[in-house]
Amino acid sequence: MVSAVADDLGVEAYVVGGYVRDIFLSRPSGDIDIVAVGKGVELAEAVARRLGKGAHLSIFRRFGTAQVKYKGMELEFVGARRESYSADSRKPVVEDGTLEEDLERRDFTINALAVCLNSDRFGELVDLFDGLPDMDDRILRTPLDPEITFSDDPLRMMRAIRFASQLGFFLDDEVFEAIRTNARRMEIVSAERIVVELNKILLSPRPSVGLELFELTGLMACVLPELLELKGAETREGVGHKDNLTHTYKVVDNLAKALSELPPSENHLYLLWGALLHDIGKPRTKKYDRLSGWTFHNHNFVGMKMVPKIFRRLRLPLDHKLHYVEKMVELHMRPAALVDEGVTDSAVRRLLFEAGDDIEDLMLLVEADITSKNPEKVQRYLDNYVLVRKKLKEIEEKDRIRNFQPPVSGEEIMQIFGLSPCREVGQIKDAIKDAILDGVIPNEYEAAHAFMIQRAAKLGLKPMVKS
């Protein structure tokens, strides 16, 4: 239908970009980009009229683009254009141009493919920059000199790494060097746009491909320096520790593999963020002791405190998603500690209480955190976590600890003892909670109420009402 409308208007029209690329890569693609030589908005308006009442047309005249939504499809229309940039901005000056000028301004040759829609050339592939051979060779190249491409629009450097990670492509040598040269240009790109690419890297089949390129090109130093601090293995008196950045890559890959076998969930992205940041507290807690060797005591708590600053800087969500990642970073050592110290009912109750509904996600993370090259050691850890999982299930079924609140509320404590909000109310409530978690009393109202009376008496408090 677009073909017929373009012919009626006498307009050259082409499907371009990712939709064409994904046809050759046999990947699903929902958005269709159409370039019209001369009249992009007019073509969109005519297509919307032809489709009728079910079509929704949006026009963005400032950018010379338009969008038509129809029965789940999204068609993006733009006139062929050429662009020029200033050194301090990634917003181009846009002018009408030819099809070749439009294709040469695109980020990579594999995205500079076009298929003609006009009836006399319908289906003809236009490949002016050898995008198809590059696709066969799984190489990412730029239509123009990559120095120009990346200097003009630095976000394309992140896109290069994302495509390499998503598609399993390699960066052309000139592309790699141009990213290294222009890495500091990322400073003019908004954090929101950078995070879109980082999220896609984390959600790719093997995130480590993109993360290693992120490091080697110098972009990590500009965007996420806290992560880069994990790099390197120090040796002292013949005792060394592992490279925690390489370890992090393996953890993220392990987790991505595990998640690929589960139904999709919004939590998956932020669980991957938890894996990426789980050890960021190690550089700040690293110490060497002649008896103990290298230690990273409390790195989970230090790392948890670092997460909000990173989320604010990168414009990541500061709501429950931030708290979820904080929780994953803080608790990622706890299941291993359970194994080392003994899987006691009390310790399991406390873990259930603190992890709540995220306990299964936490277990996925700690299992992904096993990166030993010794198969027997890996299996031993996995077997231990099977025991932890079993105990978690048993305790939850018996004591209903997950997300519990003490059966006696703070309001009831104040009413019974005639108190206004004060330290003693918190002390009594915490004592009830600890008694339940430690197995001193069951998670039941009557037992909690009796314990409250005893604990209050030790603080010199007597009930003001009949108890």
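**Figure 1. Glutamate 147 and a negative surface patch.** Glutamate 147 counts as partly exposed, because its relative accessibility is 32%. The model shown here and in the other views is predicted. Glutamate 147 lies in helix 6, which spans residues 146–152. On the surface, a patch of negative charge is formed by Asp145, Glu147, Asp173 and Glu174.

**Figure 2. Salt bridge between aspartate 8 and arginine 50.** The structure has 28 salt bridges. In one of them, the side chains of aspartate 8 and arginine 50 meet, with an N to O distance of 2.8 Å. This pair connects distant parts of the chain, since aspartate 8 belongs to helix 1 (residues 2–9) and arginine 50 to helix 3 (residues 40–51), with the two positions 42 residues apart. Aspartate 8 counts as exposed because its relative accessibility is 57%. Arginine 50 has a relative accessible area of 45% and is therefore partly exposed.

**Figure 3. Salt-bridge network of Glu12, Arg121 and Glu124.** Salt bridges link Glu12, Arg121 and Glu124 in a network. Within this network, arginine 121 and glutamate 124 form a salt bridge whose closest N and O atoms are 3.1 Å apart. Arginine 121 has a relative accessibility of 26%, so this residue counts as partly exposed. Glutamate 124 is also partly exposed, at 37% relative accessibility.

**Figure 4. Salt bridge within helix 8.** Side chains of opposite charge can pair when their charged atoms come close. In this view, a salt bridge joins arginine 180 to glutamate 177, at 3.8 Å from N to O. Both residues lie in helix 8 (residues 173–182); they are three residues apart, so about one helical turn separates them. Residues three or four places apart in an α-helix point the same way, because the helix has 3.6 residues a turn. Arginine 180 is partly exposed, its relative accessible area being 45%. Glutamate 177 also counts as partly exposed, with 43% relative accessibility.

**Figure 5. Helix 10 and glycine 218.** Helix 10 covers residues 207–216 and is largely enclosed by the rest of the structure, because seven of its 10 residues are buried. The buried residues of helix 10 are Pro207, Ser208, Gly210, Leu211, Leu213, Phe214 and Glu215. Glycine 218, just after helix 10, adopts a positive phi of about 90 degrees.

**Figure 6. Open sheet of seven strands.** The strand order in this open sheet is 3-4-5-2-1-8-9, and the pairing is mixed. Strand 3 (56–60) and strand 9 (125–126) are the edge strands, each of them pairing on one side only. Strand 1 (residues 13–16) and strand 8 (residues 114–116) run antiparallel and are joined by three bridges. Valine 15 is opposite valine 115, which is in strand 8.

**Figure 7. Alanine 450 in helix 24.** Helix 24 spans residues 445–458 and contains alanine 450. With a relative accessibility of 37%, alanine 450 counts as partly exposed. The C-alpha atoms of alanine 450 and isoleucine 432 are 9.9 Å apart in space, while the two residues are 18 positions apart in sequence.

Note on methods
Residues are numbered from 1 along each chain as its sequence is written. This is a predicted model: local features need pLDDT of at least 70, side-chain atom pairs count only at pLDDT 80 or more; totals for chains, interfaces and linings use all residues. Side-chain values use heavy atoms; hydrogens and water are left out. Patches are made of residues with over 30% relative accessible area and no salt bridge: like charges are joined within 9 Å, nonpolar side chains (Val, Leu, Ile, Met, Phe, Trp, Tyr) within 5 Å. Accessible areas come from the Shrake-Rupley method with a 1.4 Å probe; for residues, only the protein chains shown count as cover. A salt bridge is a side-chain nitrogen of Lys or Arg within 4 Å of a carboxyl oxygen of Asp or Glu. Lys and Arg count as positive and Asp and Glu as negative; His and the chain ends are not counted. The place of a charge is taken as NZ of Lys, CZ of Arg, CG of Asp or CD of Glu. Helices (H or I, at least four residues) and strands (E, at least two) are DSSP runs, numbered from the N terminus. Buried means under 20% relative accessible area, exposed over 50%, partly exposed in between (1.4 Å probe, protein chains only). Two strands pair if DSSP finds at least two bridges between them.
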